[in-house]
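Please examine the sequence and the structure shown below. The paragraphs that follow lead through selected features, beginning with charged side chains.

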Amino acid sequence: QVQLVESGGGLVQAGGSLRLSCAASGRTFSIYAMGWFRQAPGKEREFVAAITWSSGTTDYADAVKGRFTISRDNAKNTVYLQMNTVKPEDTAVYYCAVRSTYYSSQYDYWGQGTQVTVSS
């Protein structure tokens, strides 16, 4: 089992910045990649960004490319999401998640989520 705790959400004005953190504990040696997802009211959860744990290879949704940056600190078992030039449409609950293996794209463990609200 891997436990995840997100932090850093809040209220920010459009054009501003926010940094989310997600600390992992438990069987962290089983982490292949970590990702950020978000879910806005009335919408399905969507992929935001991901990073592989060993090589640091990153992937982003088109909607956030050039504005958001995912990074990780292996020593702290923590992944970050730096959100710059935020837009009202970035308002959502943001979740971090763990993918345990290269061979499956499924994310096995999820955090409780942190609310991000962007005011116009």
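Four salt bridges are found when the whole structure is searched; the model in which they occur is a predicted one. One of them pairs E46 with R38, whose closest N and O atoms are 2.6 Å apart. The two partners differ in their surroundings: E46 is partly exposed because its relative accessibility of 37% lies between the limits of 20% and 50%, whereas R38 is buried because its relative accessible area is 6%, under the 20% limit.

A further salt bridge joins the side chains of K65 and D62, with 3.3 Å from N to O. Here K65 has a relative accessibility of 48% and therefore counts as partly exposed. D62, at 66%, counts as exposed.

R67 and D90 form another salt bridge, in which the closest N and O atoms are 2.7 Å apart. This pair links distant parts of the chain, since R67 belongs to the loop between β6 (58-60) and β7 (68-73), D90 belongs to the loop between β8 (78-83) and β9 (92-99), and the two residues are 23 residues apart. R67 has a relative accessible area of 10% and is therefore buried. D90 is likewise buried, with a relative accessible area of 0%. Through salt bridges that share partners, R38, E46, R67 and D90 are joined into one network.

The charges may also be considered over the whole protein chain. The chain carries 11 positive and 9 negative charges, and the mean positions of the two groups are 4 Å apart.

The next topic is the overall fold. The protein chain contains 11 strands and zero helices. Read along the sequence, its pattern is accordingly β-β-β-β-β-β-β-β-β-β-β. How does the radius of gyration of the protein chain agree with that of a compact globule? For 120 residues, a compact globule would have a radius of gyration near 14 Å, and the protein chain has 13 Å, so the two agree. Along its principal axes, the C-alpha trace spans about 40 × 25 × 25 Å.

Contacts and surface complete this overall view. Among contacts in the protein chain with a separation of 6 or more, 52% are made by residues 24 or more positions apart. Of the 120 residues, 42% count as buried. The protein chain exposes about 6,300 Å², of which carbon and sulfur atoms supply 47%.

Two residues in strands show how parts of the chain that are separated in sequence come into contact. S21 is placed in strand β3, which covers residues 18-26. Its relative accessibility is 17%, and S21 therefore counts as buried. Not counting residues up to four places away in sequence, S21 touches V5, E6, S7, W36, T78, V79 and Y80.

Q82 is placed in strand β8. With a relative accessible area of 26%, Q82 is partly exposed. Leaving aside neighbours within four places in sequence, Q82 is in contact with S17, L18, R19, R67, F68 and T69. R67, one of these contacts, is also the salt-bridge partner of D90. A61 is 21 residues from Q82 in sequence, and the C-alpha atoms of Q82 and A61 are 14 Å apart in space.

The loops offer further points of interest. Most residues other than glycine have a negative phi. N77, although it is not a glycine, has a positive phi of about 50°, and N77 lies in the loop between β7 and β8. T85 also has a positive phi, of about 45°, although it is not a glycine. T85 is found in the loop between β8 and β9. Its relative accessible area is 46%, so T85 counts as partly exposed.

A last residue to locate is S105, in the loop between β9 and β10 (109-110). Is S105 buried or exposed? S105 is exposed because its relative accessible area is 61%, over the 50% limit. S105 and A33 are 72 residues apart along the chain, while their C-alpha atoms are separated by 9.7 Å.

Conventions: Residues numbered from 1 in each chain as written. Predicted model: local features only at pLDDT ≥ 70, side-chain atom pairs only at ≥ 80, totals over all residues. Heavy atoms only, no water. Helix = DSSP H or I, 4+ residues; strand = E, 2+ residues; numbered from the N terminus. Rg over C-alpha atoms; globule rule 2.2 N^0.38 Å. Buried < 20%, exposed > 50% of the residue type's maximum accessible area, 1.4 Å probe, protein only. Contact = heavy atoms within 4.5 Å. Areas by Shrake-Rupley, 256 points an atom, 1.4 Å probe, with all protein chains shown as cover. Lys, Arg positive; Asp, Glu negative; His and termini not counted. Charge placed at Lys NZ, Arg CZ, Asp CG, Glu CD.
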